[in-house]
Amino acid sequence: MADSCAGASPLLSLTVLVVWLLLVGALSVGQLLLGTLLAVILPLLAQRLRQDRARMRAPLVALKLAGVVLWDIVVSNVQVARAILGREIRLRPGWVWIPLDIENPHGIATLAGIITMTPGTVSSSLSPDRRHLLVHFLDLDDRDAQIAQIKQRYEAPLREIFR
């Protein structure tokens, strides 16, 4: 464990240091030393809380997925705004259990986060066997199409990234 803690995450340590300096709003020797101390200690403490480390593969797939998610967030924002602010339309909210093929817990958590970040949808629950994710749709007109879209646009790349 010592070697994994010593190099817990240089990026996390750098982030802690930068955030600390931004929060205090001062670049003094004392704040730099305190920030460096926090940048070493906090990742070590956080490492003890982690049961399983995420192993990401296929960085190009992850980059493409990030682009898809950002695009979907923009499009969904427009669609939700149009539905709420535009002329009155009949929304058909609904709950759907999405069957999951992905088994990696980090991949499942990422999928749930993507769904929740996309306006008009929110992931609500994971079945005890981790095989189904309960999702609420603001406007659910075709249950099967929504399931297929989530599986194709998000779950398939996540399965490749977290295989």
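The exercises below, each with a worked solution, concern the sheet and the helix packing of a predicted model.

The model is a prediction in which local features need pLDDT of at least 70 and side-chain atom pairs count only at pLDDT 80 or more, while totals for chains, interfaces and linings use all residues. Residues are numbered from 1 along each chain as its sequence is written, and side-chain values use heavy atoms, with hydrogens and water left out.

**Exercise 1. Determine in which order the three strands form the open sheet, and which of them are edge strands.**

Solution. Helices (H or I, at least four residues) and strands (E, at least two) are DSSP runs numbered from the N terminus, and two strands pair if DSSP finds at least two bridges between them. Six bridges link S1 and S3 in the antiparallel sense, one of the partnerships being Gly 94 with Phe 137 of S3. S2 and S3 (residues 132-137) also run antiparallel, joined by five bridges, and here Leu 126 has Leu 133 of S3 as its bridge partner. The order of the open sheet is S1-S3-S2, with S1 (94-99) and S2 (121-126) as the edge strands, each pairing on one side only.

**Exercise 2. Describe the surroundings of Pro 93 and state whether this residue is buried or exposed.**

Solution. Pro 93 belongs to the loop between helix H4 (59-85) and S1. Contact means heavy atoms within 4.5 Å, and, leaving aside neighbours within four places in sequence, Pro 93 is in contact with His 136, Phe 137 and Leu 138. The C-alpha atoms of Pro 93 and Leu 138 are 4.5 Å apart, although 45 residues separate the two in sequence. On relative accessible area, with a 1.4 Å probe and protein chains only, buried means under 20%, exposed over 50% and partly exposed in between; Pro 93 counts as exposed because its relative accessibility is 53%.

**Exercise 3. Classify the crossing of helices H2 and H3 by angle, and give the make-up of their contact by class.**

Solution. Axes are lines fitted to C-alpha atoms, for helices over the stretch in contact, and angles run from 0 to 180 degrees between N-to-C directions. The axes of H2 (residues 10-24) and H3 (residues 29-49) come within 8 Å and cross at roughly 140°. Therefore H2 is oblique to H3, since angles under 35 degrees count as roughly parallel, over 145 as roughly antiparallel, 65 to 115 as roughly perpendicular and the rest as oblique. Residues making the contact include Trp 20 of H2 and Leu 38 of H3. By class, the contact has twelve nonpolar, four polar and no charged residues, where Ala, Val, Leu, Ile, Met, Phe, Trp, Tyr, Cys and Pro count as nonpolar, Asp, Glu, Lys and Arg as charged, and the others, Gly among them, as polar.
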